[in-house]
Amino acid sequence: MYKKPTFLLLLILFVTNIIAQNYTISGFIKDIKTGEIIIGASVFDNNSLKGTSTNSYGFYSLTLSGKDSLLLVGSFVGYEKYTKKIILSNDTILDIFLSSNTEIDNVLVQGNSSILKATSSTVEIPVRTAKLLPSMGGEIDIIKSLQLMPGVQSAGEGSSQLIIRGGSPDQNLVLLDEVPLYYTNHLGGFISAFNPYSIKKVEIIKGGFPAQYGGRLSSIIDIRTKDGNKKKFGGEYNIGILSAKLTLEGPIIKDKFSFIFSARKGLLDLYSNIYLKTLPESNQNAGYNFYDSNLKFHYIISKKSNLYFGFYTTSDIININYKEQKNGLKTVNKFGTGWQNTVSNVKWNYNLSNKLFMNLTVAHSFYSYFNNIKNTAQSLSDTVADYINSEGDLRFKSNINDIILKANFNYNLNYSNNIKFGINILPHLFQPGVSKYHILNKDEIYLDTIYKSNNINTVEASFYVSNYFKIADKIKGNIGIYNAVYFTNNKKYFSFEPRLMLSYSLNNNISLKTSFVKMRQFIHLLSTAGIGTPADFWVPVTDEIPPQNSYQFTLGTDIYLRNKSIYINTEFFYKQLSNLIELKEGETLLWVTYDWQNTVEKNGIGNVYGIEFLVQKKTGKLTGWLAYTWSKNTRQFEEQNLGKPYPYLYDRTHNFSATAIYELKNITFSANWVYQTGNAITLAYGKHETITSTQELPASHSGGYSFYFFDEVYMFTEKNSFRMPATHHLSIGVNFIKEKKRGTRTWSLNVYNVYNQKNPYMLFYQSTRQFGVELKKMTLFPIIPSISYSFKF
């Protein structure tokens, strides 16, 4: 028998343990009408204000002290709040279904919130908002809409390529459902290759990168596609002046197995064929064909287990053919170029417990670029004095093959700590360039050979761990490490990358935030045009070419005014880059007959710093934002510009945009105005002539004069010491929306560059009689009106 004091002590300990008992509530948050999972939704107890958010697969896990009852709230922008009183006396599984609401915020800038989330330099423009914005040619472009945010620029006038905080296009990690992509544009960079009707969410991280991301220096562009409607069959089609789109989705097994399919086909080849047929006796044929398509299946195995299969492909092909018969000779010239991305993936996630979530991914990514030129010339008759039968066939291609293996885990330790960890293995096969030459003349082979850079097999393996933590409701943070090892030929590169993000709330409306990250990139992009075109070449780290490195520091504030209807964000950033490479002056990788490693300048360094401002009106019929970035961006190579730093191509001091959206019941108006400092370029300031050779004629010819042959030599100042003129344009859009018996019809009218500003795409010299040599500019995009029609059913 226990003594009385001992019994009382045990009783007190038992009761204390019961009182302090923690339980976990977990589940998924979904759209009640479609069954689509909702990423980033909030879940919290309204009494204690403790909460969390859903991960990329809609899963949440919240550990709270056991109570008689709590008021659980689920919420997400654009949805009605879900509330439910529950008694948390044991671990509980609860799926939450939210009903949509028409009033949503047009921009989500993550930072200050009541839930456990500490992100820096992160922004999302909802897909619905991107569909309302003005578009060039009527093409809704979610990626291009990100250029309206601070710190994000276009690579050039009308381009979809993103320049983020002064980095080059290759320093952006583009992920489609967690699978990396290489070139993600149509029309040489003017339209992104993502069908907006298949996309659920696009998030861009400009700094303060969480530890689960690695392999690039400047940004993470995380694109998530829809899973498909699990309740009913539906879809949407759209036709504009540049393309036609179709999306179909629905349940294979209701509430359990769904699919979504989307496709886009370019219409430019149709227009060119119609035009060429109107020409009398046309000897030429040209076409530009592009398409992209997505297919995705989602199967709910059980409440704890989900299986996904995804396939994505995009392709651009340009063909130009010209034939001619003249003076007894028939000539045929053919030119073709194109590029392609293909991605397939299988993902399985499983709740190992109510606190531990696992996701496994197996994927394949393939990128290819080709360029073909074929010329033939043939005499039409053997009587031709110089019989001709010649053929030239030049072919070039460059490929990248990736296998992606991932295992990611999310462990909700408690309300104040959320731990993420995982491993990634990426075998790469690079084929930097293969040139094939076949030249035939008078039935004799003059040249039939292949030149190629050696194929390079590499393996990138990484491990990460991070902890999202919260201290005393004032301090939130994310601390982690990303460790990687890269195997290439006979060398191994190691990388230790610390990550730290902190946020301190002064009150409910003002918070301070800072971050420090180190990043390493094991792949380079060699660019000839400097604007991120498909003709640029991806090359890996080798024994001679080390990986790129960066350190980035940020410091900023988040301020909410007028009951959080006005949001103001300010952020300073500094980024230091090293081990950069760049093509030597006059070099190219197209048709080369030697190792690409001999064409580059190595060990470059860069410095980028600036300050960003964002002011956003989040509620009401009139919403919008103002974005401004001031920045400086330099590069330095030992063998360029006498070893002195010079402005980088994308050193744009000022970048400003203003965006407004006005919504009525059945009509929306939108407008944006964009201003950018011109690119830094190198121009000649003069020229002189040098004698290259002489030829003396005998006295019987013109009295024995000598003839001199000259070459023009241009003189240059420091590299990138000139500026292209600043660019600016105004675009407007109107959407007429009407509910019909079988769905929703929308007519969209857009005008790009309303006041027809002649923005320069490039500068070039031209000889004129009046001025000798004159500097000219080429403009690609005058005022462009467009119309498109869509129907959602």
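This passage goes through the make-up of the chain, one of its sheets and two residues with an unusual backbone angle.

The model is predicted, so to speak of local features takes a pLDDT of at least 70 and side-chain atom pairs count only at pLDDT 80 or more, while totals for chains, interfaces and linings use all residues. Residues are numbered from 1 along each chain as its sequence is written, and side-chain values use heavy atoms, with hydrogens and water left out.

Strands dominate the count: the chain has 50 of them and 4 helices (DSSP runs numbered from the N terminus, E of at least two residues for strands, H or I of at least four for helices). Of the 793 residues, 52% are buried (under 20% relative accessible area with a 1.4 Å probe, protein chains only; exposed is over 50%, partly exposed in between). Among contacts (heavy atoms within 4.5 Å) with a separation of 6 or more, 65% link residues 24 or more positions apart.

One open sheet takes 4 strands in the order 3-2-5-6, with antiparallel pairing (two strands pair if DSSP finds at least two bridges between them). Strand 3 (51-53) and strand 6 (82-86) are its edges, each pairing on one side only. Strand 5 (residues 70-75) is joined to strand 6 by 5 bridges, and V73 sits opposite T83 of strand 6.

Most residues other than glycine have a negative phi. E178, not a glycine, has a positive phi of about 75 degrees; it lies in the loop between strands 13 (172-176) and 14 (179-181) and is buried, at 8% relative accessibility. D255, also not a glycine, has a positive phi of about 65 degrees. D255 is in the loop between strands 20 (243-253) and 21 (257-266) and is partly exposed, at 39%.
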